[in-house]
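Trainee: Could you take me through one part of this model in close detail? I'd like to hear about the loop residues and what surrounds them.

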Amino acid sequence: MGLSFAIVQPYEPPEVRVPVLHVDLYRIDESAEVEELGLDEARHNAALVIEWPERAPGRWRDALALSLAFSVNGGRMLTAVVPAAWEDRWSRI
């Protein structure tokens, strides 16, 4: 029996403060497949957390970009790229 992985995993209140869609694009082979997921419409009603965003290059230019990397001391570093569209959202999340 093979394993099945969700490409889009939703989380709804009260589990989270705002609706969240956890999107894993790892198994997306072509960027055209992303359109079939309906994320452009869904992002107006939920926060999208997207793993492997490089599988959909050029999309969501107004998105908050968070990257995790290992630091030299073995810890992890979080880097955020905050576009203008997100500047007033921090207090709501």
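Mentor: Let's start with Trp52, which sits in the loop between strand 3 and strand 4 (65–70). Strands here are DSSP runs of E, at least two residues long, and they are numbered from the N terminus. Before going on, a word on the numbers: this is a predicted model, where local features need pLDDT of at least 70 and side-chain atom pairs count only at pLDDT 80 or more, while totals for chains, interfaces and linings use all residues. Residues are numbered from 1 along each chain as its sequence is written, and side-chain values use heavy atoms, with hydrogens and water left out.

Back to Trp52: its phi is near 60°, a positive value in a residue other than glycine. Most residues other than glycine have a negative phi, and most peptide bonds are trans. With a relative accessible area of 36%, Trp52 is partly exposed; buried means under 20%, exposed over 50%, and partly exposed in between, using a 1.4 Å probe and protein chains only.

Trp60 belongs to the loop between strand 3 and strand 4 too. Trp60 also has a positive phi, about 55°, although it is not a glycine. Its relative accessibility is 12%, so Trp60 counts as buried.

Just past that tryptophan, have a look at what Pro83 touches. Pro83 is found in the segment after strand 5, and at 17% relative accessibility it counts as buried. Leaving aside neighbours within four places in sequence, Pro83 is in contact (heavy atoms within 4.5 Å) with Arg61, Asp62, Ala63 and Leu64. Pro83 and Leu64 are 19 residues apart along the chain, and their C-alpha atoms are separated by 6.4 Å.

Now for the strand that leads into the loop. Strand 3 (47–51) is part of an open sheet of three strands with the order 1-2-3 and mixed pairing; two strands pair if DSSP finds at least two bridges between them. Strand 1 (8–11) and strand 3 are at the edges with a single partner strand each, so one side of each has no neighbour in the sheet. Strand 2 (residues 20–24) runs parallel to strand 3, and five bridges join them. One of the pairings puts Leu21 opposite its bridge partner Leu48 in strand 3.

There's another backbone oddity to check, in the loop between strand 1 and strand 2, where Pro14 is placed. A cis peptide bond joins Pro13 and Pro14, with omega about 10°.

How values were computed
Helices (H or I, at least four residues) and strands (E, at least two) are DSSP runs, numbered from the N terminus.
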